[in-house]
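The exercises below ask you to read a structure step by step, from the whole chain down to single residues. Try each task before turning to its solution.

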Amino acid sequence: MPPKRPRTKIEKARHYLSGGGVVREDSDDELGLEDLPWEWIYEDKKSMKICGARMGKFECYLGDAVLLKAPASNEAWVAILYEFLEGEDEDDDGDTIIEKQARMLWFSSEKEIRSKKKRTDFLDNELYITTNTDENALTTINGKANVLSKEEFDRLYPNGKVPRSSKAYGKTFVCRRGVNTRTATYTEEFNWEDVYKGREDMDSLEELVESQTVKTRRRRAATKTRDLDDFVMDDDDFDEPETPKKRRKLNSATPTPSKAKQLTPRKFTTPSGRKIITKKPLEFTPLGTRMLSPSQMQSSPYQIARSTLHVSAVPHALPCRETEFDTVYSHLEAAITAGTGSCIYISGTPGTGKTATVREVVASLQSAVAEEQLDDFYFVEINGMKVTDPHQSYSLLWEALKGDRVSSAHALELLEREFTTPSPRRVPCVVLMDELDQLVTRNQGVMYNFFNWPQLRHSRLIVLAVANTMDLPERTLSNKISSRLGLTRITFPGYSHTQLMTIIQSRLEGVGKVIVEPDAVQFASRKVAAVSGDARRALDICRRAVEIAEQESTQQDPGKENLAPGTPSKSPGGQKTSALASKAGIVTIGTIKRAINEATSTPLAAHLRSLPLASKIFLAALLSRLRRTGITESTLADVVDEARRIGIMAQNKNVEAFLLTPGPMLEPQPEEELGVGVISTPSKRGRPAAKKEIDKAARVLGLGAVAMELSEAGIIGVESRHGDRVGRVRLGVGEEDIRGALREDEESRGLGFGS
Ligand SMILES: Nc1ncnc2c1ncn2[C@@H]1O[C@H](COP(=O)(O)OP(=O)(O)OP(=O)(O)O)[C@@H](O)[C@H]1O
């Protein structure tokens with residue numbers, strides 16, 4: 001394949017325009033239309049000290065204030081050229097190139113400053129000088145900026161506006177204060193011309209801002225502990241986090257400066273100013289999880305036990321996950337403090353506490369922020385089960401960053417620009433991508449982007465990708481790409497029986513009376529640990545056992561509703577109940593056995609387990625659709641697509657063998673619209689492996705016929721002719737009956753009945 005011709009500046013500008021629909025005027029660019037190479041300007045030939053850079057007729061020098069290309073708005077981004085240097089980057093083909101860069105000292109507009117401490121006296125074209133620096137390619141420079149004191153501005157422009165016809169229009173700013181954007185503290189008002197005349201004042205200016213503002217909050221001491229009381233501040237900890245020296249990939253698709261008036265400082269009211277601090281995850285489906293609080297309706301030990309054993313109850317702490325907690329915590333804390341991107345890939349079978357641990361870590365970090373012990377960060381949770389289309393993830397991430405709701409396609413473009421262009425944004429964003437297995441798309445664009453963006457130097461994106469399968473990145477993105485991504489991997493092992501016992505006991509602590517015998521807890525834990533080590537399953541069994549014991553106790557004595565075993569109560573006859581009744585209300589090994597057998601011993605369960613694998617795959621797909629959409633009915637086509645996805649993901653020899661059996665292929669699907677041809681698709685090198693998997697999955701055999709058989713048995717209802725892909729399907733039996741019967745079915749392993 002011939003090497004790709006680099007896009008000319010005009011082409012890039014067009015691409016940029018058509019991509020984002022951002023209308024710009026092309027009349028006043030100082031850099032000219034041509035893509036000429038940047039050259040260094042040396043102080044003198046002998047010393048070879050770089051003092052400036054030139055592109056065509058445009059020249060800029062150390063200490064100059066320059067305009068930088070803002071990604072998608074009319075915002076003015078301005079920085080002082082602090083140092084020139086050469087850094088490594090990758091070109092379109094992934095080859096390392098040496099790139100001319102500058103370390104830039106940023107100005108900040110009021111929009112970049114955390115809202116709760118915002119000043120109210122800012123001017124439309126006011127900027128605050130910061131002490132934040134980073135390295136950016138010279139190609140991001142878009143012209144020179146004029147920074148003035150308020151007095152000088154008023155003298156030059158007595159009516160308070162720069163005339164449109166003036167060359168200085170859109171490039172003139174007032175600076176009268178410095179700011180620390182992290183702590184939102186400001187310096188005293190100063191006169192810009194007094195404090196900054198040029199290059200020789202750069203250091204004193206930085207010192208002035210540093211000395212008059214409160215520094216970035218300290219990093220926590222080395223010993224990580226969840227107990228916030230242990231957060232101790234000491235002077236040594238007040239160090240500014242170091243900017244990492246390692247240079248990371250700058251996406252070569254970064255649009256270079258287009259001809260633009262985009263830098264015109266308009267009223268600072270564009271939507272990107274409305275940052276939301278997502279302290280709680282965004283909810284984007286109405287499928288809210290019911291949280292049962294033991295403090296509500298807790299009139300008997302049974303009720304308290306049922307609540308605390310409920311999987312939606314949030315425990316105060318997660319026993320047996322201390323190591324994992326610490327690892328995730330320290331990774332996140334380090335990335336937030338350093339302002340770098342990071343991607344952690346967390347895998348483990350269902351019910352091993354992955355989501356619960358991550359949520360607990362984020363909650364602890366948020367407490368640290370509230371206590372002013374950690375820099376602020378945004379948090380957004382994207383759950384593969386709850387998005388109807390994986391591409392929605394883009395809209396959700398953009399919304400978390402900027403507070404705007406836009407279409408997935410538009411969000412993708414905006415995110416690409418945000419992450420590939422320099423920006424004064426300093427607030428990192430933590431994204432929990434839960435149920436990542438569900439975000440698999442045909443070209444793997446979504447997964448690739450969320451893994452890749454943290455690597456881009458401007459993203460400050462920290463992704464926590466949570467999945468059941470350990471090798472999902474390799475399966476979907478090829479080994480080469482996944483090793484390049486440099487993911488930090490953490491695997492959550494299944495719980496041992498002693499761990500499950502600890503987890504259950506800790507949840508029962510608040511119950512007061514013993515209504516579950518220790519032997520019963522041990523029995524349930526051993527049963528579950530032998531199969532899966534799934535805490536959710538162990539909790540469900542115990543909760544069901546408590547329900548059975550409760551029923552037993554009321555059957556023994558109908559007058560003794562919901563009272564603790566042994567609690568004296570009145571029988572209908574007004575007499576005290578016997579000691580026998582209190583014994584009957586206790587969960588014993590026998591009760592656990594009944595709870596386990598309940599779901600698996602019915603004729604329906606036996607029938608479901610005897611079904612052929614194709615039928616089980618079909619049911620798995622239907623249940624997955626149901627969860628994902630919350631709608632009881634699916635089209636046959638959707639179920640078939642879901643089955644295809646399950647086929648790719650399932651780590652089960654039976655399923656693999658089934659999918660490899662020659663048979664009629666499903667009709668080809670239209671290529672996905674998103675991600676194709678845009679800069680976000682994985683490179684071609686990544687495709688073959690993923691493609692192979694998909695072809696394999698496409699062998700999902702005649703599921704229309706399977707649907708008919710299931711329908712005849714009354715397990716599902718179908719409204720269509722035989723094999724019609726647009727027919728509608730719904731469950732004819734309870735979802736829980738199916739899960740209960742197939743959860744521990746060996747043939748169905750990996751199909752998702754256990755989750
Ligand atoms: N160590 C623990 N202590 C107390 N409860 C736990 C622990 N681990 C898991 N749980 C509980 O088990 C249930 C399942 O946990 P969680 O959702 O975190 O698992 P998961 O690994 O993310 O599973 P899945 O892959 O199915 O999403 C939750 O109710 C959680 O509170």
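**Exercise 1. The chain as a whole**

What percentage of the residues in the chain is buried? Describe the chain as well by its secondary structure, its contacts and its surface.

Solution. Keep in mind from the start that this is a predicted model. Begin with burial: of the 755 residues in the chain, 55% are buried. Next come the elements, which number 23 helices and 19 strands. Turning to the contacts with a separation of 6 or more, one finds that 74% of them are made by residues 24 or more positions apart. Finally, the accessible surface of the chain is about 33400 Å², and carbon and sulfur atoms contribute 52% of this area.

**Exercise 2. The surroundings of the ligand**

Which residues come nearest to the ligand, and which polar atoms of the protein lie close to its oxygen atoms, as judged by the distances for Gly353, Ala356 and Arg536?

Solution. Start with the shell, which holds 22 residues, and of these Val311, Pro319, Lys354, Thr355 and Tyr495 come nearest. Sorted by class, the shell has 10 nonpolar, 7 polar and 5 charged residues. Then assign residues to elements: helix H7 (354–370), helix H12 (497–508) and helix H14 (535–556) supply at least two shell residues each.

For the polar atoms, take the backbone before the side chains. A backbone N or O atom of Gly353 is 3.1 Å from an oxygen atom of the ligand, and a polar backbone atom of Ala356 is 2.8 Å from an oxygen atom of the ligand. In Arg536, by contrast, an N or O atom of the side chain is involved, at 3.0 Å from a ligand oxygen atom. As a last step, consider cover: on its own the ligand has 620 Å² of accessible area, and the protein covers 94% of that.

**Exercise 3. Strands S1, S2 and S3**

In which sense does S1 pair with S2, and how many bridges join S2 to S3?

Solution. Strand S1 (residues 38–42) and strand S2 (residues 50–55) are antiparallel, with 5 bridges between them, and in this pairing Trp38 faces Met55 of S2. Strand S2 is also joined to strand S3 (residues 58–61), again in the antiparallel sense, by 4 bridges, with Gly52 opposite Tyr61 of S3. The connection between S2 and S3 is a hairpin with 2 residues between the strands, and Gly56 in the turn has a positive phi of about 60°.

**Exercise 4. Buried or partly exposed?**

Classify helix H10, Thr308 and Asn146 by burial, and place the two single residues in their surroundings.

Solution. Take helix H10 (residues 445–452) first: 8 of its 8 residues are buried, so the helix is largely enclosed by the rest of the structure. Among them are Met447, Tyr448, Phe450 and Phe451.

Thr308 belongs to helix H5 (residues 301–309). Its relative accessible area is 14%, and because buried means under 20%, Thr308 is buried. Although Thr308 and Ser506 are 198 residues apart in sequence, their C-alpha atoms are 9.4 Å apart in space.

Asn146, in strand S9 (residues 146–148), has a relative accessible area of 32% and is therefore partly exposed. Beyond its neighbours within four places in sequence, Asn146 contacts Ala168, Lys171, Thr172 and Phe173. With Thr172 there is a side-chain to side-chain polar contact of 3.2 Å. The C-alpha atom of Asn146 is also 6.9 Å from that of Ala65, a residue 81 positions away along the chain.

Notes: Residues are numbered from 1 along each chain as its sequence is written. This is a predicted model: local features need pLDDT of at least 70, side-chain atom pairs count only at pLDDT 80 or more; totals for chains, interfaces and linings use all residues. Side-chain values use heavy atoms; hydrogens and water are left out. A residue is near a molecule or strand if one of its heavy atoms lies within 4 Å of it. A polar contact is a pair of N or O atoms within 3.5 Å; within protein, one must be able to donate a hydrogen and the other to accept it, and residues adjacent in sequence count only if both atoms are side-chain atoms. Accessible areas come from the Shrake-Rupley method with a 1.4 Å probe; for residues, only the protein chains shown count as cover. Ala, Val, Leu, Ile, Met, Phe, Trp, Tyr, Cys and Pro count as nonpolar, Asp, Glu, Lys and Arg as charged, and the others, Gly among them, as polar. Buried means under 20% relative accessible area, exposed over 50%, partly exposed in between (1.4 Å probe, protein chains only). Contact means heavy atoms within 4.5 Å. Two strands pair if DSSP finds at least two bridges between them.
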